[in-house]
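I opened the file to look up the sheet, the helices on it and a few single residues. My notes follow in the order in which I checked things.

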Amino acid sequence: MTNRQILEDIKQKLSSAGIEEASNDAWLLFEGITGMNRTDYLLRAGEEFDFPFPERLRNAAERRCAHEPLQYILGKAYFMGFEFEVNPSVLIPRYDTEVLAEEAARYADADSEVLDMCTGSGCIAISVALLTKARRVIGADISGRALTVAERNRKRLNAENVGFVKSDMFGAISGTFDMILSNPPYIKSEDIEGLMSEVRDCEPRLALDGHEDGLFFYRILAKEGFGHLKPGGHIMMEIGFGQAREVSALLEMYDYADIRVIKDLAGLDRVVCGRRI
């Protein structure tokens, strides 16, 4: 079979399996496993598929047909222009979360000390560290497996100013920071089963479940985060749909100032920020 026929076959299989972005996903699988970019493909589309491990491509296509996320199949995802390793131990970085990283980068500088709570793959901590050259960035997570992935990402991206610590929220955190960032679990427990199967069945529930009302971790962040912020320090948290008012109210309850909500590119409330006076 030619390269064109192989790619078309994958596309048809994905489409038959109900994959919405079948054409795009087929190409990404083909490119990711063969290493052939679009220019190479245009030049070689009619040639016989001659890669030594065609079973890798077939296996990848089968996994995608089973609705396993493309990022887990390829083992990578992109965030803030950086390539991160991902696997089922960590949440897949979303473009929406870049709103949080971009806002943090506006305030952090070379003297900043930053804490990223619920760090997962480390994508927020590492991106902020690389973009701002902050003096110290700590990523904390309760999952040892997630931290293993985060540490590999730190090494491969040469983020020397980043460190990771295993901690149940602030349990193992000491000292104060100029900034606390977090994309915590925020989905109501009862809503988990209604998620897309690719999220519900493949991504770590530990990184999704925000307990009964979805606000469990925001309460901890607002209450305990205050004591871990330097005077004038900022707290910035990604939120889910419809949570802006309640999360803002939590910050008000614990006497944060300058509380504001930042929208994403779709115009949805995405990040709630506050400042310790």
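**Entry 1: strand β3 and its partners**

Which residue in β4 does M117 stand opposite? I looked it up in the model, which is a predicted one. M117 faces A140 of β4. The strands concerned are β3, residues 113-117, and β4, residues 136-141, and I found them paired in the parallel sense over five bridges.

I then turned to β6 and found that it runs parallel to β3, with four bridges joining the two. Here I noted V114, which stands opposite M179 in β6.

Are the residues of β3 buried or exposed? I listed them by direction: E113, L115 and M117 point one way, V114 and D116 point the other way, and all are buried. With five of the five residues buried, β3 is largely enclosed by the rest of the structure.

**Entry 2: the whole sheet**

Next I wrote down the strand order. The sheet is open and has seven strands, in the order β5-β4-β3-β6-β7-β9-β8, and its pairing is mixed. I checked the edges, which are β5 (162-166) and β8 (257-263); each has a single partner strand, so one side of each is left without a neighbour in the sheet. From one strand to the next the twist averages 15°.

**Entry 3: helices on the sheet**

Which strands does α7 touch? I found contacts from this helix, residues 123-132, to β3, β4, β5 and β6 (177-182). The direction of α7 makes about 160° with that of β5.

I followed the chain from β3 through α7 to β4 and recorded a right-handed β-α-β crossover.

How many of the residues of α7 are buried? The count is nine of 10, and I noted the helix as mostly covered. The buried ones are C123, I124, A125, I126, S127, V128, A129, L130 and T132. After α7 comes K133, with a positive phi near 60°.

I also looked at α10, residues 216-227. This helix lies across β3, β6 and β7 (229-238), and runs at about 165° to β7.

**Entry 4: loop residues**

I checked C118, which sits in the loop between β3 and α7. Its phi is near 65°, positive in a residue other than glycine. The relative accessibility of C118 is 19%, and the cut-off for buried is under 20%, so C118 counts as buried.

Where does N183 lie? I placed N183 in the loop between β6 and α9 (197-200). N183 counts as buried because its relative accessibility is 15%. Not counting residues up to four places away in sequence, N183 touches L91, T97, L100, M117, C118, I124 and E238. Two residues from my earlier notes, M117 and C118, are thus among the contacts of N183.

D255 was the next lookup, in the loop between α11 (244-253) and β8. D255 has a positive phi of about 70° and is not a glycine. Is D255 buried or exposed? At 56% relative accessibility, D255 counts as exposed.

**Entry 5: A101**

I found A101 in helix α6, residues 98-107. A101 has a relative accessible area of 0% and is therefore buried. Leaving aside neighbours within four places in sequence, I list F79, M80 and V128 as its contacts. Of these, V128 is also one of the buried residues of α7. I took one distance as well: A101 and C123 are 9.0 Å apart, C-alpha to C-alpha, with their positions 22 residues apart in sequence.

**Entry 6: α2 and α4**

Last, I looked at a helix pair. Two packed helices are described by the angle between their axes and the distance between the axes. At what angle do the axes of α2 and α4 cross? For α2 (residues 22-34) and α4 (residues 54-65), I have a crossing at roughly 145°, with the axes coming within 10 Å. The crossing of α2 past α4 is right-handed.

I listed the residues that meet: D25, L29, F30 and I33 from α2, and R56, L57, A60, A61 and R64 from α4. By class, this contact has six nonpolar and three charged residues, and no polar ones.

Notes
Residues numbered from 1 in each chain as written. Predicted model: local features only at pLDDT ≥ 70, side-chain atom pairs only at ≥ 80, totals over all residues. Heavy atoms only, no water. Axes fitted to C-alpha atoms, helices over the stretch in contact; angles between N-to-C directions. Left-handed = near helix turned anticlockwise from the far one by under 90°. Contact = heavy atoms within 4.5 Å. Nonpolar A, V, L, I, M, F, W, Y, C, P; charged D, E, K, R; others polar. Pairing = 2+ DSSP bridges. Buried < 20%, exposed > 50% of the residue type's maximum accessible area, 1.4 Å probe, protein only. Right-handed = clockwise from strand over helix to strand, strands pointing away.
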